[in-house]
Amino acid sequence: MKRKWGRATVLAMLVLLSMVSGGCGYHVAGRNDSLPKSIHVIAVPALENKTTSYRIEQRLTTATVHEFLAKTSYRVVPDTASGDAVLRGKVLSLEAVPLLFDTATGRATTMLVTLKCEITFEERETGKILYHTDNFIFRNQYEISTDVNNPNSIKNFFEEQDPALDRMAQDFATRLVAAVVENY
């Protein structure tokens, strides 16, 4: 059985094939590396903590180092003298405010945590600033147990706070590494 292809069908197939093979110009975040080719080692010293939140800078630093190692080919070191580029940061504020309330008791059921940081990424040898922002903001929410008669309700609140801060640190690191590597 011989099949006849019409001109319109062949033309439509050629257009479709060219669109698929040509791409659309988009790229996956974190895959475009616009940093200078001279950078192979990135120094990530511990972020400074300007808040009263205990060890938040350690969570953010650890998550950032892990993200660089997982998503890029750069070597990461803590010593600024050993890196081709240095990523410095300050945790400026960390706030938790009630987001949702239990209508029966009036107590908060969900808290919104907001983190604000200042970030500078510079080429160590030249001192050239490759990325800087003093308004790097992240938000995340976590739930609070509403069972006030349960002696474990306070325990549940604090047990959820650590995972919430870990999620926020991971989100911070993912977006920070993408911003630095893609030079947004």
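This report walks through a predicted model of one protein chain, from its overall make-up down to a few residues.

**How far to trust it**

Let's start with confidence. The mean pLDDT of the chain is 80, and 72% of the residues reach 70 or more. Residues 19-31 are another story: their pLDDT is below 50, and beyond near neighbours in sequence this stretch has 9 contacts in the model. Where pLDDT is low, the predicted coordinates should not be read in detail.

**The overall layout**

If you follow the chain from the N terminus, its elements come in the order α-β-β-α-β-β-β-β-α. That makes 3 helices and 6 strands. The chain has 184 residues, and 35% of them count as buried. Its accessible surface comes to about 11,900 Å², with 54% of that belonging to carbon and sulfur atoms. Now look at who touches whom: among contacts with a separation of 6 or more, 68% are between residues 24 or more positions apart.

**The core**

The largest nonpolar core holds 38 residues, and Leu60, Phe68, Phe121 and Phe172 have the most contacts inside it. The elements in this table each supply at least two residues of that core:

| Element | Residues |
|---|---|
| Helix H2 | 56-71 |
| Strand E4 | 85-101 |
| Strand E5 | 108-123 |
| Strand E6 | 129-143 |
| Helix H3 | 153-182 |

Helix H3 gives the most, with 11 residues.

**Ile42 and Phe68**

Time to zoom in. Ile42 sits in strand E1, which covers residues 41-43. Is Ile42 buried or exposed? Ile42 counts as buried because its relative accessible area is 0%, under the 20% cut-off. Leaving out residues up to four places away in sequence, Ile42 touches Phe68, Tyr74, Arg75, Val76, Val77, Ala85 and Phe121. There's also a long jump in sequence here: Ile42 and Glu122 are 80 residues apart along the chain, yet their C-alpha atoms are separated by 9.7 Å.

Phe68 returns the touch to Ile42, and its other partners, again not counting residues up to four places away in sequence, include Val44, Val76, Leu87, Val177, Val180 and Val181.

**Thr72 in its loop**

Thr72 lies in the loop between H2 and strand E3 (75-77). With a relative accessible area of 17%, Thr72 is buried too, so it falls under the 20% cut-off. What does its side chain reach? One target is the backbone oxygen of Phe68, at 2.5 Å; another is the backbone nitrogen of Tyr74, at 3.4 Å. Thr72 also touches Glu67, Val177 and Val181, with residues up to four places away in sequence not counted.

How values were computed:
Residues numbered from 1 in each chain as written. Heavy atoms only, no water. pLDDT = per-residue confidence, 0-100. Contact = heavy atoms within 4.5 Å. Helix = DSSP H or I, 4+ residues; strand = E, 2+ residues; numbered from the N terminus. Buried < 20%, exposed > 50% of the residue type's maximum accessible area, 1.4 Å probe, protein only. Areas by Shrake-Rupley, 256 points an atom, 1.4 Å probe, with all protein chains shown as cover. Core = buried A, V, L, I, M, F, W, Y, C linked by side-chain atoms within 4.5 Å. Polar contact = N/O pair within 3.5 Å; in protein donor to acceptor, adjacent residues only side chain to side chain.
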